[in-house]
Amino acid sequence: MERHLISHLAHTDHPIAAPVSGQTVTRILRRAKLGAQPRVLDIGCGHGVWTLRALAMHEDATADAVDVHREGLESCRIMAERQGLDHQLTLHHMPAADYKNGLYDLVMCVGATHAYGGLVETANAVKEHLKPGGLALIGEGFWEVPPNAETLITLGAEPGEYADLAGTVERAESAGYATVYAYTSELSEWDDYEWSWTGSLLRWAVDHPGPDGDTARAAALAHRDMWLKGYRGVLGFVTLLLKRTN
């Protein structure tokens, strides 16, 4: 089973695909204070939960959602039709770097900065899609506490791959933004996300005995060990609402 299919199944019960609650998604989007007829872009949209919430909150909004995996886009399409939002939404199956379609009032990239190679690279790339004074919504990991060598090995990470919270804000703002709001995920949100991730995959594995089920089970247990014995309480997540300054 391919890695992206495992991730798709793992997000069945938590399609936000980040350690953020549904209430928090709404709270952050309200802080964006979008004007009339806003254009919204979601890069690395996954199941498109952020996009659909933005459209539901702004009846005159239109959105483009971009992802390299068809499974997430198909889930987004189905949810958009169920919510009566499909006429406001256009889906794009392509790499983030290949997408160009004018300028937007809000560009989101939550938990998908790997699409550009990191936070600073993402902040710079997102800026190219923004109208003057437009808003970027970027979700990124940071070190709650300095990781030990074992945790770094477990994550396959370098010490400088993430900064602390202050350093993360500085990295984002270095691309030409002012931070107008930010939300730091609570441990309970992390736990809900991780138990949902591993639980969804284990449930699927039990219901699908055989090689794919075995692969899914092994992935879930390996991920759970990495979380519970490694980065729980060490790796944090912050969602930054950034206003373009130049």
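**Close-up views of a seven-stranded sheet and its helices**

**View 1. An open, mixed sheet runs through this predicted model.** Seven strands line up in the order S3-S2-S1-S4-S5-S7-S6, with mixed pairing (two strands pair if DSSP finds at least two bridges between them; strands are DSSP E runs of at least two residues and helices are H or I runs of at least four, both numbered from the N terminus). At the edges sit strand S3 (89–93) and strand S6 (177–184), each paired on one side only. From one strand to the next, the twist averages 20 degrees. Residues are numbered from 1 along each chain as its sequence is written, and side-chain values use heavy atoms, without hydrogens or water. As the model is predicted, local features need pLDDT of at least 70 and side-chain atom pairs count only at pLDDT 80 or more, while totals for chains, interfaces and linings use all residues.

**View 2. Here strands S5 and S7 meet.** Strand S5 (residues 130–143) and strand S7 (residues 235–244) run antiparallel and are joined by nine bridges. Look for Phe-142, whose bridge partner in S7 is Gly-236. Helix H2 (residues 22–32) packs on the sheet, where H2 touches strand S4 (104–110), S5, S6 and S7 (contact means heavy atoms within 4.5 Å). The direction of H2 makes about 160 degrees with that of S6 (axes are lines fitted to C-alpha atoms, for helices over the stretch in contact, and angles run from 0 to 180 degrees between N-to-C directions). Helix H3 (residues 49–57) also packs on the sheet, touching strand S1 (39–43), strand S2 (62–67), S3, S4, S5 and S7. The direction of H3 makes about 180 degrees with that of S2.

**View 3. Helices H5 and H7 pack together.** The axes of helix H5 (residues 119–127) and helix H7 (residues 165–173) lie 8 Å apart, at an angle of about 35 degrees. Leu-119, Val-120 and Ala-123 of H5 make the contact with Thr-168, Arg-171 and Ala-172 of H7. Four of these contact residues are nonpolar, one is polar and one is charged.

**View 4. Ser-200 is a buried residue of helix H8.** Helix H8 covers residues 187–207. Ser-200 counts as buried because its relative accessibility is 6% (buried means under 20% relative accessible area, exposed over 50%, partly exposed in between, with a 1.4 Å probe and protein chains only). Leaving aside residues up to four places away in sequence, Ser-200 touches Leu-9, Ala-10, Thr-12, Asp-13 and Trp-195.

Key. Ala, Val, Leu, Ile, Met, Phe, Trp, Tyr, Cys and Pro count as nonpolar, Asp, Glu, Lys and Arg as charged, and the others, Gly among them, as polar.
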